[in-house]
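Good morning, everyone, and thank you for making the time. Please have a look at the sequence and the structure on the screen before I start talking.

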Amino acid sequence: MRLMGRYKPPTPPSSKYITPEGAIVLEKELEHLWRHKRPAVTRAVAEAAAQGDRSENADYIYGKRQLGEIDRRIRYLRKRLDGIQIVDTVPHDRKKVFFGAQFKLCNTQNQVAAYRLVGPDEFDFEDENLSMDSPLGIAVMGKGLNEKIIVETPEGKNKFTIIEISYKER
């Protein structure tokens with residue numbers, strides 16, 4: 001029997017790890033939103049509200065919507081930063097891929113791609129950052145040099161070989 005409805009299972013919680021650099025970026029974003037952007041938008045909304053009829057005032061309506069988005073992001077950042085663990089050490093076994101590793105993969109066409117395994121909050125800070133929660137991040141975790149991995153993607157299975165692993169000293 002098939003149930004009808006719009007139920008979507010909750011997304012699994014993302015990993016609670018971040019690099020020191022990633023934590024600084026999130027803290028700066030929070031500081032900017034709280035100290036600069038939110039007060040500016042609040043002033044703009046107050047000015048628009050002073051003009052009279054709010055129901056047809058686009059500046060007021062847009063400002064309120066923008067204020068809601070800023071407040072949601074502030075709440076998210078505060079909650080996330082409160083429960084996150086900053087990883088500022090390198091693992092004892094540097095011959096395997098763990099959080100913070102910089103590594104290179106070679107595919108079956110001998111194309112090489114370089115990545116750094118980071119937390120889910122910082123994968124988009126730099127092009128080579130790869131979230132540890134992504135399918136590729138999960139596949140390489142704990143693997144060593146010259147190990148082959150297979151990653152399932154919408155296009156099919158992709159095969160890679162780990163050809164280099166390194167860690168930044170902190």
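I will go through the sheet, then the cores, then a pair of helices, and finally a few single residues.

Please keep in mind throughout that what you see is a predicted model.

Let me begin with the sheet. Five strands form an open sheet, and if you walk across it you meet them in the order S5-S4-S3-S7-S6, with mixed pairing. At the edges are strand S5, covering 129-131, and strand S6, covering 148-153, and each of these pairs on one side only. Neighbouring strands in this sheet are turned against each other by 45° on average, if we ignore their direction.

Now let us look at two of the pairings inside that sheet. Strand S3, residues 102-107, and strand S4, residues 112-118, run antiparallel and are joined by five bridges, and within this pairing Lys104 has Ala114 in S4 as its bridge partner. The loop between S3 and S4 contains Asn110, a residue whose phi is near 60°, which is a positive value in a residue other than glycine. For those who have not met this angle often, most residues other than glycine have a negative phi. Is Asn110 buried or exposed? With a relative accessibility of 63%, Asn110 counts as exposed, because the cut-off for that word is over 50%.

The other pairing is between S6 and strand S7, residues 156-166, which are antiparallel and share six bridges. A hairpin of two residues connects S6 to S7, and Lys148 has Thr161 in S7 as its bridge partner. Thr161 itself, which lies in strand S7, is buried, with a relative accessible area of 17%. If we set aside residues up to four places away in sequence, Thr161 touches Lys104, Leu105, Cys106, Asn146, Glu147 and Lys148.

One of those contacts, Asn146, deserves a moment of its own. Asn146 sits in the loop between H3 and S6, and it has a positive phi of about 70° although it is not a glycine. Asn146 is also exposed, with a relative accessible area of 55%, whereas Thr161, which it touches, is buried.

Next, the interior. In soluble globular proteins, nonpolar side chains tend to be buried together. Which residues touch the most other members of the largest nonpolar core here? That core has 19 residues, and the ones with the most contacts to other members are Val97, Phe103, Leu105, Leu117, Leu136, Val140 and Ile149. At least two residues of this core come from each of S3, helix H3 (135-140), S6 and S7. To see how these pieces meet, you can follow Val140, which, leaving aside its neighbours within four places in sequence, is in contact with Val97, Phe103, Leu105, Leu117 and Ile149. There is also a second, separate core of 16 residues, and among its members are Ala48, Ala49, Leu81 and Ile84.

That brings me to the helices. Two packed helices are described by the angle between their axes and the distance between the axes. For helix H1, residues 20-49, and helix H2, residues 58-82, the axes come within 9 Å and cross at roughly 155°. An angle over 145 degrees counts as roughly antiparallel, so H1 is described as roughly antiparallel to H2. The crossing of these two helices, H1 and H2, is left-handed.

Let me close with two residues whose positions along the chain can be set beside their positions in space. Gly22, which lies in helix H1, is buried, with a relative accessible area of 0%. Where does Gly22 stand with respect to Glu122? Gly22 and Glu122 are 100 residues apart in sequence, and yet their C-alpha atoms are 5.7 Å apart in space. Leaving aside its neighbours within four places in sequence, Gly22 is in contact with Glu122 and Phe125.

The other residue is Phe98, found in the loop between strand S2 (85-86) and S3, and at 28% relative accessibility it counts as partly exposed. Phe98 and Val25 are 73 residues apart along the chain, and their C-alpha atoms are separated by 22 Å. The contacts of Phe98, without its neighbours within four places in sequence, are Pro91, Asp93, Leu117, Met141, Gly142 and Tyr167. Of these, Leu117 is a residue that we have already met in the largest nonpolar core.

Notes
Residues numbered from 1 in each chain as written. Predicted model: local features only at pLDDT ≥ 70, side-chain atom pairs only at ≥ 80, totals over all residues. Heavy atoms only, no water. Pairing = 2+ DSSP bridges. Helix = DSSP H or I, 4+ residues; strand = E, 2+ residues; numbered from the N terminus. Axes fitted to C-alpha atoms, helices over the stretch in contact; angles between N-to-C directions. Core = buried A, V, L, I, M, F, W, Y, C linked by side-chain atoms within 4.5 Å. Buried < 20%, exposed > 50% of the residue type's maximum accessible area, 1.4 Å probe, protein only. Contact = heavy atoms within 4.5 Å. Parallel < 35°, antiparallel > 145°, perpendicular 65-115°, else oblique. Left-handed = near helix turned anticlockwise from the far one by under 90°.
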